Amino acid sequence: MNQQRLILSSPLLEIVVSRLAQQLIENYQNFDDTVILGLQPRGIYFAERVARELNRALGHEVPLGYLDATFYRDDFRRRDTPLRPNTTHVPFIIENKRVILVDDVLATGRMVRAALDAMTAFGRPRKVELLVLIDRRYNRDLPIKPDYTGKRVNTLESQQVLVEWTEQGAEADRIWLVG
């Protein structure tokens with residue numbers, strides 16, 4: 001039997017996005033030499049929300065890009081069916097910039113490790129920080145932890161976190177614990 005438990009939805013989700021944006025502003029002030037990279041496929045929707053909130057609060061555009069790390073994954077050649085890459089759109093050089101990697105769910109840490117490798121194609125950043133909406137604790141395979149977290153969730157290995165965005169056609173923004 002597949003059980004679902006609602007973890008986060010509107011309006012609390014908007015409050016979480018606003019809080020994370022305020023934390024970033026505290027640490028980066030006006031975002032000089034700072035860029036945001038949303039991780040494909042679903043981290044881009046969260047990155048767009050955070051960037052929109054930052055743009056509103058700061059009164060100017062914060063550079064936003066999308067990074068696909070499909071070919072950098074350590075399980076890329078171990079699958080029965082080939083992975084389908086997503087679009088990478090990084091319209092800036094990250095050399096000597098501060099980069100905020102944004103993803104919706106942090107679980108094993110393998111996607112973040114792959115993103116760190118993929119990012120080097122665009123330069124060597126001065127500093128990289130990780131912002132996630134959901135941190136699935138107790139599921140890490142690699143020693144990676146977020147610098148900014150929307151919500152920490154204790155999960156079993158058999159459970160999944162399902163993120164539904166209106167931008168992807170969902171009727172409402174909701175995050176579920178499934179399993």
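## Leu 54 and its surroundings

Let's start with one residue: leaving aside neighbours within four places in sequence, Leu 54 is in contact (heavy atoms within 4.5 Å) with Ala 21, Leu 24, Ile 25, Phe 31, Ile 36, Gly 59 and Val 62. This is a predicted model, where local features need pLDDT of at least 70, side-chain atom pairs count only at pLDDT 80 or more, and totals for chains, interfaces and linings use all residues. Residues are numbered from 1 along each chain as its sequence is written, and side-chain values use heavy atoms, with hydrogens and water left out.

## Two nonpolar cores

Leu 54 also turns up in the largest nonpolar core, which has 34 residues. A nonpolar core here is a set of buried Ala, Val, Leu, Ile, Met, Phe, Trp, Tyr and Cys residues joined through side-chain atoms within 4.5 Å. As for the wording, buried is under 20% relative accessible area, exposed is over 50%, and partly exposed is in between (1.4 Å probe, protein chains only). The residues with the most contacts inside this core are Leu 24, Phe 46, Leu 54, Leu 131, Leu 133 and Ile 175.

Which elements give two or more residues to it? They are β1 (4-9), α1 (12-28), α2 (43-58), β4 (98-106), β5 (127-137), β6 (148-154), β7 (160-164) and β8 (174-178). These names follow DSSP runs, numbered from the N terminus: helices are H or I with at least four residues, strands are E with at least two. The largest share, 8 residues, comes from α1. Apart from this core lies another one of 19 residues, including Val 35, Leu 37, Leu 39 and Ile 144. In soluble globular proteins, nonpolar side chains tend to be buried together.

## The sheet and its helices

Now for the strands: five of them make an open sheet in the order β3-β2-β4-β5-β6, with parallel pairing. (Two strands pair if DSSP finds at least two bridges between them.) At the edges sit β3 (64-67) and β6, each pairing on one side only. From one strand to the next, the twist averages 25°. Inside the sheet, β2 (residues 34-39) and β4 pair in the parallel sense over 5 bridges, and Thr 34 stands opposite Arg 98 in β4.

Helix α1 packs on this sheet, touching β2, β4, β5 and β6, and its direction makes about 135° with that of β6. Helix α3 (residues 110-119) lies across β2, β3, β4 and β5, running at about 150° to β4. Axes are lines fitted to C-alpha atoms, for helices over the stretch in contact, and angles run from 0 to 180 degrees between N-to-C directions.

## How α1 meets α2

These two helices pack at an angle of about 60°, with their axes 9 Å apart. That makes α1 oblique to α2, because angles under 35 degrees count as roughly parallel, over 145 as roughly antiparallel, 65 to 115 as roughly perpendicular and the rest as oblique. Among the residues making the contact are Ala 21, Leu 24 and Ile 25 of α1, along with Phe 46 and Leu 54 of α2.

## Backbone oddities

Most residues other than glycine have a negative phi, and most peptide bonds are trans. Where are the exceptions? The bond from Ser 10 to Pro 11 is cis, with omega near 0°, and Pro 11 lies in the loop between β1 and α1. Another cis bond runs from Gln 40 to Pro 41, with Pro 41 in the loop between β2 and α2.

Asp 33 has a positive phi of about 60° although it is not a glycine; this residue lies in the loop between α1 and β2 and is partly exposed, at 45% relative accessible area.
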